[in-house]
Amino acid sequence: MAENITAESVTNTAILDALVPGYSLLSKFVSSHLNIDVASYLQYVILLATFGASFQYLIWYMKDMVEMYFMSTAEIRFDDETFNFFMYWMSRQVNMSKTNRFVAGVKTSGYWSDDCSDDEDDEKDIELDEPGSGENGSSFEEYWAKLTGRDKYRTLRYTPSEGRHFFRFRGKLLMLERKQQQQTPLWVMNNETLYLSCLGRNPGIIKDLLNEAQQTYVERDGNRTVIYRGQRLCSGQQFGWYRCMARCPRPLSTVVLEQAQKDEFISDIKEYLHPRTRRWYSNRGIPYRRGYLLHGPPGTGKTSLCFAAAGLLSLKLYLLNLDSKALDEDNLASLFHDLPRRCIVLLEDVDTAGVTHTRGGTTDSPKDKDKPTDGTDPTAVDETEAKDKDKDKKEEKSRGITLSALLNVIDGVAASEGRILVMTTNHPEKLDAALLRPGRVDLSITFGRTTQADIEELFTSIYTTMEGDLPRAAASRRLLNGTAKHLTNGSANHKHENGNVEYAEKRKQENNEEEKRRLRDLRLRISKLATDFSAIVPNGEFTAAEIQGYLLNHKDSPEAAISGADTWVQGLREKKSSQQSILA
Ligand SMILES: Nc1ncnc2c1ncn2[C@@H]1O[C@H](COP(=O)(O)OP(=O)(O)OP(=O)(O)O)[C@@H](O)[C@H]1O
């Protein structure tokens with residue numbers, strides 16, 4: 001009997017050991033040191049554990065029920081732009097300063113996207129008196145010391161850290177949960193998801209918040225041209241479009257090109273974007289796409305024209321470098337698939353990518369022509385062929401994207417519609433005819449070296465005083481002071497109000513006349529100097545970028561630019577010919 005009991009207790013201990021590792025050791029320790037037989041309390045312990053587990057399960061179950069039936073939740077994924085909207089909005093909330101768990105940083109949304117702190121810093125720069133423009137005429141050294149002193153500090157932003165946070169929006173209580181996704185591959189630096197919840201089954205307040213967040217995010221760009229770049233953040237990750245900057249639009253008038261060419265380009269894009277064109281394409285079953293090729297020597301204004309067009313038409317610009325070794329056909333297809341309905345996709349220097357290798361290139365390659373016809377062992381030839389093919393494949397991979405991959409995304413069956421594709425190249429002759437056929441390239445614009453008229457236009461655009469050239473802080477302060485003085489005068493002497501208004505109007509008119517006269521004289525002077533300059537610089541020899549580079553060195557003195565032009569022309573010619581002889 002006793003043997004039976006001992007055998008039973010040994011079996012129980014073995015089972016418990018399997019369930020609770022270290023049980024036998026623990027029970028021996030407790031019975032020898034505290035004289036307590038753990039086995040006699042076992043049923044209570046098991047009961048307590050079962051009760052605890054059931055209670056926990058019940059709590060989880062109730063929580064799930066509440067979340068499912070009494071709450072609404074939005075899920076915001078890291079790789080979606082909504083994530084940026086929301087985090088940007090969140091970092092601007094005063095309430096956020098009340099949370100005691102937060103991420104502090106100078107970037108708001110993350111390392112993958114630009115944030116506008118630089119723009120805000122630019123705005124702050126304006127508040128500083130520019131050298132010589134302030135009331136006390138601060139020197140450049142003083143101005144620079146202030147600016148660099150301030151640049152050492154960047155505005156700190158706070159966003160909620162991982163976990164749950166409660167906050168109020170329009171009087172309603174909301175909950176934000178920031179969570180890292182499990183099973184994130186090691187190389188993925190961030191894969192978090194946000195859950196935004198509110199009480200009740202109506203998610204309206206969450207949608208309102210996200211709309212407001214998007215509006216705040218978009219409004220900060222104003223009329224600036226937003227540029228996205230197709231890239232991946234780290235190896236192993238998918239390619240995606242990442243916002244890289246928002247720049248002030250470039251006026252089309254600052255791009256030196258024949259007016260007819262500019263007009264043709266812009267009116268063609270406008271015509272394409274017109275809703276009637278979309279209907280027209282769709283009724284006839286023609287894919288709704290438009291492609292442009294801008295070609296010419298480097299520094300002749302291809303990118304500038306594309307950027308100016310994006311600004312003029314308020315379109316976002318999507319840049320993609322086809323030369324990236326990591327970019328394959330699938331990535332390219334998914335990038336094109338993710339494009340918004342209306343945008344400009346800019347593929348710069350298409351000739352540098354693997355796309356210059358023709359589609360039939362491998363079939364009539366020299367290797368095929370060199371096949372032995374003299375009865376050499378055919379198996380040996382097959383082996384060499386297989387090796388060659390392997391080598392070709394490897395070479396193709398290292399060249400980046402292939403021509404057929406590019407053609408597929410441009411106008412394959414599954415190609416995206418609505419976008420404007422602009423390709424630039426310095427060597428159009430290297431491009432395959434398949435890439436240039438209508439439907440893929442609908443309009444080609446040739447950029448050349450500067451003509452006499454271009455040189456004059458470039459000179460004039462650099463030396464003409466533009467509104468933005470005035471020191472902004474000083475100008476706005478002057479304006480404000482003027483208004484304040486006017487208001488003070490007006491309120492101080494009501495009897496003379498009408499007289500004051502008349503006097504102010506008269507002064508304003510006089511000032512305007514004076515300003516117009518001054519501008520007219522200045523324009524005449526600059527136009528005369530532009531003719532002198534264009535007489536020195538040879539026609540069709542230099543690019544706009546070269547001339548702009550020279551003029552920028554004398555941006556405060558057009559006369560100095562003219563007097564040094566002869567020497568500069570000689571120097572540049574010598575430099576070019578020595579470069580050519582090195583290359584030859
Ligand atoms: N036609 C032009 N009108 C005004 N500025 C120009 C023109 N061409 C070049 N520039 C100036 O030269 C610089 C380079 O121009 P841009 O990048 O547009 O040339 P690109 O033809 O695209 O050169 P690349 O082929 O090397 O990419 C810019 O700062 C731009 O302001």
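Me: How do the residues of the shell around the ligand divide into nonpolar, polar and charged?
Reply: That shell divides into seven nonpolar, eight polar and three charged residues, where Asp, Glu, Lys and Arg count as charged, Ala, Val, Leu, Ile, Met, Phe, Trp, Tyr, Cys and Pro as nonpolar, and the others, Gly among them, as polar. Please keep in mind that this is a predicted model, in which local features need pLDDT of at least 70 and side-chain atom pairs pLDDT 80 or more, while totals for chains, interfaces and linings use all residues. Residues are numbered from 1 along each chain as its sequence is written, and side-chain values use heavy atoms, without hydrogens or water.

Me: OK, and which residues are the closest to the ligand?
Reply: Of the 18 residues that surround the ligand (each with a heavy atom within 4 Å of it), the closest are Val256, Lys302, Thr303, Ser304 and Gln548.

Me: How far is a ligand oxygen from an N or O atom in the side chain of threonine 303?
Reply: For threonine 303 the distance is 2.6 Å, and for the side chain of serine 304 a ligand oxygen is likewise 2.6 Å from an N or O atom.

Me: What about asparagine 426?
Reply: There, an oxygen atom of the ligand lies 3.0 Å from a side-chain N or O atom of asparagine 426.

Me: How much of the ligand does the protein bury?
Reply: The protein buries 79% of the 620 Å² that the ligand exposes when taken alone, with areas from the Shrake-Rupley method and a 1.4 Å probe.

Me: Switching to helices, which ones each supply at least two shell residues?
Reply: Both α10 (302-312) and α19 (544-552) do so, helices here being DSSP runs of H or I with at least four residues, numbered from the N terminus.

Technical notes. Polar contact = N/O pair within 3.5 Å; in protein donor to acceptor, adjacent residues only side chain to side chain.
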